[in-house]
Amino acid sequence: SATTSVVRHTITKFQFLAKSSEVILRPKFRLQPSPYKNARILTRTLVFPSSFKYKPHSSPVQFAQDKHHDWNREPGIVQLPNAPFDRLAMVRDLHGKVVWLSLKDFVDKLLPIPRRLLFNKFPPEQMSKINAALKGVLQNYKQNAQENKRLPEDQLAIDFTEVINRDVLAHSAGDISNMHQPPATVPIIPADSSTHLASDADEAFDSTTRSSHPISHTDTLKTVPNYVVRLSPHKWDLHDSARNKSDAALFKKDVELEEGRPNWQHQRAFFEFKQEDTKNDPFEDAQKRDVEVLAEKREEVRGQLISYADRVFLYQHRTAAFSLFVIGKDFRVMRWDRSGVFVSEKVDYLLRTDALVEVLLALIVMDDEAQGFDTSATLLQKDSDDYRLMDTLADVKNSFHLPVVSSEEGTPLPENLASVVSQPQPTNTKTMANGPSPGLAAQGEDSDSEETVNLKIPDGDSFVFDYVLDYFRKSVTDWPRYNLTINDEEFLVCEPLYHTRGLIGRGTRGYVAYRKRTGTFVFLKDAWRPFYENVVSEGEILGKLNKDGVCNIPTLLTARLFDHETRVSRYCYKEDLRTNEERKMQAHEGVTDEPHGVKRTQSGMQEELKSYVRHYGHHRLALKEVCLPITAFRSSRQLVSVVGDAVEAHYEATSKSMTIHRDISSGNILILPKFVVSDDGDGNITIRICWRGILADWELSKPLQDVGARQPERTGTWRYMSVASLLDAYHIVGTADEIESFFNVLLHNALRYCSHNMELWVPAFIDRYFVQFEWGPDGTMKCPETKVNVITRLGAVEYGDVDFLEFGVDGQPNKALNTLFTVLLGWFKARYEVAKYQHLLSSQKTSTSRTDTGSELEPPPARRQRVDSSVSKAGPPVPQKALILPTSARALLSPSDETYEKAANLEDHDAVRNLFWTVLHSGVEACEWPQDEVLQDHLNVLRPLEPVTEETTNGSTSKHSAKSVPHFQPVYYKMSAKRAATASGRVPSRPSRRK
């Protein structure tokens, strides 16, 4: 008894510690021999994941912002599986994107009607048999669960699927070509079976859906495939890190499956079972109240269903997916896509057995496209030639048919590539790491241009870099393998290099793909892009940029915009036709149709925060370059060089193609090793590897002259957006905002990996500067206060007990990086000072004009003078001290000329391009770079835990000090503290306690 109590206390305490510290730990409990007789000691081992020791506390911004930001693609951040967090995020993503339909409307709009099959194989006698079997299931499953020691839901799933497999699926399979045609006037589901939910979008939905209705003529079907429902309530797929497991799923009978597991890559539709209880129903029928109920337990069930749909879309290439949800004696059928879900009404299958049978038969008579499969993607079988080819390519024992070249910077051109097909090396490389400043016209010519013209570098298709081959080999796992087509070209892919979490949104997946036509590796991107008028696809944008000769961007090989579109968005989408100025005015003035004094409900407040439902279209493209993430940089100088190359790409895109990127982030700035002409210092011209920056992901870009909003959502990646963009959701992104985003990329990566005097504060600062947010009065998310202070008020980075951020290595300051940050922060501060002054000046003029206009109309009504008996008439207590009252509470002080000059540096790219060149190539004392830098991820530094509040068993709360919580400190903690103290070249005095 005492041992059991200790064990329970230990496990409970561990769970509390892991939750309160917000560090994801994996516990291992084991019994070890004890010196005492017949006793063992329960030891607890806290296992930290090798690549993840500290998880900065999460913020709602990670799932409140639209998923087109691809928030989980943050380079260098390893996010461990966290099913409850992911499900909560997906529930919030789904809010406002649920469309309720009566069962009649659901079948009529989204499913075929298998009349011949129903009429011939399911006469009243067979329906009665199925009904009797289902009644027996419902009466006995709880008793059977007790006898078999199972959960009631598991027993319900077992008994229900047995009836469906035996009396529906097996009974319907086979040849039906000789069966009689049923009368077309006989409906299977009567028209008055439920109340139709009227909607303003019905007419538009019908016109777009019925014209492309899946298998609208099922009477021509000759053979019904063999299907079976298989159970998987307790096992998850071994390669599914989220450990999701649906109760059952519909499969083709001839598919080889792993017994007892979900087998996500083969599922045709997933099934979920719950006991009959209101709390187990994630939706509410629309005649009674809102479809999405806010009860915590019901939200959990909704999150469970979303996570299963997300697995289906992740492991398969889908345009839609169907599911059946059984709640005791009732069922709902659902259709999921990237914009939301259609949910049918809840139907009693004992009273309406014919409706359940029709839904099941409709699922099995549909072809692959109608079931929601992407027909441009072919799942490879193990005995196929493409499957074996991928095994051969992934085998490290087999040599690749092309030369494999080291990607290390400075590697000379191998001799075996000197004789291969080559291409001329351009004289103007347009990079920050090679050549003079592109911003200085006087130095725009290279003196050695005549000599470099004769040098040639090998074509990219004649070799492969080692990291590219390694990427592909590591992707070939037990993950489903596919042959993806783009305009008649075939690409072999396996596990994605990255993918976005969550069902709702773009569903972006990036692959290192094998291009069969050329026998080379390329980068393939598969995504669902926002489908709006005048919004062109990324393939079209890249094609134009490549044609205009913009440097340092990906090279488009091929792209295609498929006919696949989301349907939920077409049904409930409301177009916002207001201009940006109208949106600003109404947001700031709080325009609403509700009368004053009406108390807002929780659902009403959530409705205010709901964005417009995005309409998505399927897009796929292939790029020539396979790049490294920005976090692969080896020194602070290399980081600045890579970002400088991206700035150069941004400049050429705006000047040559008149296109602005609008989504600068760490995930969109990549590193590409390339052969370039270089000087070895002794006057010898050679060809060596140089790491260049690539500005990728141009999907959110738009023409500069297009000043209006083309999408109803804020555009950008939250962490890196400018203060102006984060403070005003309707702000139009300009060059100054993009330069600020480039700085945020530099700051984020330099803080995390370079040496500086703020290393111990990195987790907290990154959370407060990049992640957190404030709620505005109009219900929109606003900029983190820390970012506002640093950029607009301080013009310097400070946090905790560090008054000024300084970079340095072993006591030697990193002068170049410090200079770059100081200059840029000064420019940003000046920009916002000028903007604030102009805004106040404009507001004052507007206020004055309103006052003048009002005085001309009529004088204000006379008011009686208030008499206060408590006021003394003897005069002020001290007559000699005359007070001078300010004439205005907001006196306007014009910024200095120097401030205007600094702010003007952000109006175009010239100043920032020259600044990057100066710190990289000028060689002046203020721009010296440190030698032998050692990079380290400072997010892995574990901080002492703050006091937390724990709820006791009696409902009261008690404070636990940090002393009661063990401090987990890695070996390098003291070394980090010492390095942080000496990074700026000086040993700081003991900091004073701040008030």
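The questions below concern a predicted model and deal with some of its strands and helices.

Q: Is strand β18 mostly covered or mostly uncovered, and how many of its five residues are buried?
A: Strand β18 spans residues 482–486. A residue counts as buried when its relative accessible area is under 20%. By that cut-off β18 is mostly covered, and the number of its five residues that are buried is four.

Q: Which residue stands opposite Leu484 in β18?
A: Strand β13, residues 377–379, pairs with β18 in the antiparallel sense. Three bridges join this pair. The residue opposite Leu484 is Ala377.

Q: Which residue in the turn between β18 and β19 has a positive phi?
A: β18 also pairs with strand β19, residues 489–493, in the antiparallel sense over five bridges. In this pairing Tyr482 stands opposite Val493. The two strands form a hairpin with two residues between them. The turn residue with a positive phi, of about 50 degrees, is Asn487.

Q: Are helices α19 and α26 roughly parallel or roughly antiparallel?
A: Two packed helices are described by the angle and the distance between their axes. The axes of α19 (residues 636–656) and α26 (residues 910–921) come within 10 Å and cross at roughly 155 degrees. Angles over 145 degrees count as roughly antiparallel. Therefore α19 and α26 are roughly antiparallel.

Q: How many residues of the contact of α19 with α26 are nonpolar?
A: α19 passes α26 in a left-handed crossing. On the α19 side the contact includes Val640, Val643 and Val647, and on the α26 side it includes Val912, Phe916 and Leu920. Three residues of the contact are polar and three are charged. The number of nonpolar residues is eight.

Q: Which strands are the edge strands of the open sheet with the order β25-β27-β28?
A: This open sheet has three strands with antiparallel pairing. An edge strand here pairs on one side only. The edge strands are β25 (628–629) and β28 (685–695).

Q: How many bridges join β27 to β28?
A: Strand β27 covers residues 669–679 and runs antiparallel to β28. Asp679 stands opposite Ile685 in β28. The number of bridges joining the two strands is 11.

Q: At about what angle does α19 run to β28?
A: Helix α19, which meets α26, also lies across β27 and β28. Angles of 65 to 115 degrees count as roughly perpendicular. The angle of α19 to β28 falls in that range, at about 70 degrees.

How values were computed: Residues numbered from 1 in each chain as written. Predicted model: local features only at pLDDT ≥ 70, side-chain atom pairs only at ≥ 80, totals over all residues. Heavy atoms only, no water. Buried < 20%, exposed > 50% of the residue type's maximum accessible area, 1.4 Å probe, protein only. Pairing = 2+ DSSP bridges. Axes fitted to C-alpha atoms, helices over the stretch in contact; angles between N-to-C directions. Parallel < 35°, antiparallel > 145°, perpendicular 65-115°, else oblique. Left-handed = near helix turned anticlockwise from the far one by under 90°. Contact = heavy atoms within 4.5 Å. Nonpolar A, V, L, I, M, F, W, Y, C, P; charged D, E, K, R; others polar.
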